[in-house]
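Here is a friendly briefing to read with the model open beside you. It moves from two sheets to a loop contact, a cavity and the repeat annotation.

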Amino acid sequence: MRPILMKGHERPLTFLRYNREGDLLFSCAKDHNPTVWFADNGERLGVYKGHNGAIWSCDVSRDSTRLITGSADQTVKLWNVQTGAQLYSFDFDSPARSVQFSVGDKLAVITTDPFMGHPPTIQVKRISRDPSEQTSDSVLTIKGPQLQGRITGAMWGPLNKTIISGGEDGILRTWDTETGSLLMESDKETGHQKRITSLSKSADGSHFLTSSLDKSAKLWDTRTLTLLKTYVTSAPVNACAISPLLDHVVMGGGQDAVNVTMTDHRAGKFEAKFFHKILQEEIGGVKGHFGPINALAFNPDGRSFASGGEDGYVRLHHFDPDYFNIKI
């Protein structure tokens, strides 16, 4: 399995997202320039110019016409995927951390960081079909005593009726999108003990995976927040993804750059590790990054995956035929 090395970012990667067809891959990094690539051969198509801060996350609409990006420059921007034109910019009082379109692309959920006395928030914006009618009004803003510290990720629940958020305290919370009220929280005992670093939905949305600095990834039921499975590894986990094709999950991470020694690289702490989703057993790993893995994504067809690292590279892996015949 020879990876395709994609060098287009000057700074560490933060987030990766495929479009629904799986022919485009969008990458975010700390270098202000969200980038789009061909997902089969890794050719760079273009860059979206306009942010002046690190880009923390992005999402692409179902029809692949619009991209939304969240940045440390306190804006969330909407782009025309094809032309790279900026369609709209939402301004906030603090850095925007996570962004996601709702099912149907009519809404977007955005989380903002605590900053200069402003509390963290989860906000829902209406997304207009016509950019000229776009406004910055929030349909819903959730602030609350339950939101402590940074919210590292938020995603839509079934039928856009709920929003699930995870953050620095390691607790998952489900919110009602009509009222903004808190519906449920994950169990403190069985849940993550340190910061949740990412949330990743399954293809059908019935369950999702979280990664955490507590050196584990966990699989949850989307409707009930019931803990289904736990995958334990030897290093903090920064990113995770669920295979849409096989019963596999992938997770990656590594020590923070500050704590990395030369021995870490040789010890294989920067592998993307594959686990069996049901049996919770490790089935293999893919090495290659010279630093912690910060972003992972499966192609929607399940036949390839991409990883983004602290080293500024995106690595694109097309699975060998052997991968589809792994027996446990």
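In this predicted model, four antiparallel-paired strands make an open sheet in the order β2-β3-β4-β5. The edge positions belong to β2 (13–18) and β5 (44–47), and each has a single partner strand, so one side of each is left without a neighbour in the sheet. From one strand to the next, the twist averages 20°.

Some ground rules will help. Residues are numbered from 1 along each chain as its sequence is written, and side-chain values use heavy atoms, with hydrogens and water left out. Because the model is predicted, local features need pLDDT of at least 70 and side-chain atom pairs count only at pLDDT 80 or more, while totals for chains, interfaces and linings use all residues.

**Terms for the strands**
- Strands are DSSP runs of E with at least two residues, and helices are runs of H or I with at least four; both are numbered from the N terminus.
- Two strands pair if DSSP finds at least two bridges between them.
- Twist angles run from 0 to 180 degrees between N-to-C directions, using axes that are lines fitted to C-alpha atoms (for helices, over the stretch in contact).

**The β2-β3-β4-β5 sheet**
- Strand β4 (residues 35–38) runs antiparallel to β5, and three bridges join them.
- T35 has V47 in β5 as its bridge partner.

**The β18-β19-β20-β21 sheet**
- A further open sheet of four strands follows the order β18-β19-β20-β21, with antiparallel pairing.
- Here β18 and β21 (227–232) stand at the edges with a single partner strand each, so one side of each is left without a neighbour in the sheet.
- The twist in this sheet averages 20° from one strand to the next.
- Strands β19 (residues 207–212) and β20 (residues 216–221) are antiparallel and joined by six bridges; S212 stands opposite S216 in β20.
- Five bridges link β20 and β21 in the antiparallel sense, and W220 has L227 in β21 as its bridge partner.
- The β20–β21 hairpin has five residues between its strands, and L225 in the turn has a positive phi of about 55°.

**K194 and its contacts**
- K194 sits in the loop between β17 (182–185) and β18 (196–201).
- Leaving aside neighbours within four places in sequence, K194 is in contact with E168, G170, S212, L213 and D214 (contact means heavy atoms within 4.5 Å).
- For K194 and S212, the C-alpha to C-alpha distance is 6.3 Å, with 18 residues of separation in sequence.

**The second largest cavity**
- The whole structure holds four cavities of 30 Å³ or more, and the second largest has a volume of about 60 Å³.
- A cavity is a set of points, on a 1 Å grid over the protein atoms alone, where a 1.4 Å probe fits but cannot get out; lining residues have an atom within 4 Å of a point.
- Points are joined across faces, edges and corners, and the volume is the space filled by probe spheres set on them.
- Its lining includes Q146, R150, I151, E168 and R173.
- Strand β15 (residues 162–167) gives the most to this lining, with three residues.
- The lining residues divide into two nonpolar, six polar and four charged, where Ala, Val, Leu, Ile, Met, Phe, Trp, Tyr, Cys and Pro count as nonpolar, Asp, Glu, Lys and Arg as charged, and the others, Gly among them, as polar.

**The repeat annotation**
- An unreviewed UniProt entry gives "repeat: WD" for residues 6–47, 48–89, 151–185, 189–230 and 286–316; positions use the numbering here, feature names are shortened, and annotations may be inferred rather than shown by experiment.
- Residues 189–230 are 0% helix and 52% strand, with end C-alpha atoms 13 Å apart.

How values were computed:
1 Å grid on protein atoms, 1.4 Å probe; cavity = no way out; pocket = protein on both sides within 12 Å on 5 of 7 lines; lining within 4 Å.
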